[in-house]
Amino acid sequence: MPGLARHDLDALRLKIAALEKRPLLAEGAAMLAERLGRAANDRGENADPLELLAAPSGLLHEVFADEQRQSGAALGFTFGLARQLLTSQRQAVLYLQLVGEGQELGLPYGAGLTQFGIDPAQLVIGRIDSMTELLWAMEEAIACRAVAGVIADLASHPKALDFTVSRRLSLRAAAAGTSAFLVRYGRGREASAAKLRWRISPAMSGELPFDPRAPGIPRFQVEIEKGRLGDKTQRAEGKTMLVDWTENGFVSVEPKRRTGTAVHRTAPTSRPVAAPLGHRLSQAG
């Protein structure tokens, strides 16, 4: 529309945004810059990786685990971050996954969510047929003012999730004040507009006072691969820490060797061993 004046274009954008009842993406960029202004001015100070665990809302996070079998740790850590964003106004967390990947990743366990301070009634689960529909649902949920966080759990590396899409998600999250989390698996990394990228792996839990051999509270090894909240967070890139999830949130811990007494098992008594079923069938008359 070459003949359309600038003020007409601005008026049209405002009208469309009002109809959709969500902020403009351009406003998201301005809000994000204002929200992160304090972090960007922290020049010269030493970076504290633990501070990033209390990052402000309205950010796009990437949470990586090296293997899918570590999905419990990656998802638990992500729910811990989302739990800190729940308020009286934002009482919901949305979890999205592709239908075809459900058998590989499973679904969040309600009783386990309570350990991370999330009432299962606060979790909305969406199983989507295609990546295009998942991204659409994610963007619409981010714009909802009742949602604290949107989690997309992706077993694959879809081409549809490129830098342009991640940039749009980041701006939408900043505009709405809703955090978005992309949970990914593998060692490969693509260009992304995420403000924070975490690499998560499970760690041996600490000892319990009543039984040193019993498993303790969840513990994660956390590496900050990317921080784009100013110079201070960029200096935290590459740092690793151990954190426990407690009823008060994440707590940094010092690595210690477990001192529990080893369990000694007596050798089984010698007895005849039956032939494997296949051999017995082959010997049948």
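These points concern the nonpolar cores and one helix pair of a predicted model.

1. Local features need pLDDT of at least 70 and side-chain atom pairs count only at pLDDT 80 or more, while totals for chains, interfaces and linings use all residues. Numbering runs from 1 along each chain as its sequence is written, and side-chain values use heavy atoms, with hydrogens and water left out.

2. The largest nonpolar core (buried Ala, Val, Leu, Ile, Met, Phe, Trp, Tyr and Cys joined through side-chain atoms within 4.5 Å; buried is under 20% relative accessible area, 1.4 Å probe, protein chains only) has 40 residues. Among them, F77, F79, W198 and F220 touch the most other members. Elements giving two or more residues to this core include strand 1 (60-65), helix 4 (71-83) and strand 6 (196-202); helices are DSSP runs of H or I, at least four residues, and strands runs of E, at least two. Helix 4 gives the most, seven residues.

3. W198 has contacts (heavy atoms within 4.5 Å) that include F77, L81, V222 and M241, leaving aside residues up to four places away in sequence.

4. A second, separate core has 23 residues, including L60, L94, L161 and L169.

5. Helix 7 (residues 131-142) and helix 8 (residues 163-176) pack at about 20 degrees with axes 9 Å apart; axes are lines fitted to C-alpha atoms over the stretch in contact, and angles run from 0 to 180 degrees between N-to-C directions. The two helices are therefore roughly parallel, a term for angles under 35 degrees.

6. L135, M138, E139 and I142 in helix 7 meet V165, R168, L169, R172, A173 and A176 in helix 8. The residues of this contact divide into seven nonpolar, no polar and three charged, with Asp, Glu, Lys and Arg counted as charged.

How values were computed:
Buried means under 20% relative accessible area, exposed over 50%, partly exposed in between (1.4 Å probe, protein chains only). Angles under 35 degrees count as roughly parallel, over 145 as roughly antiparallel, 65 to 115 as roughly perpendicular and the rest as oblique.
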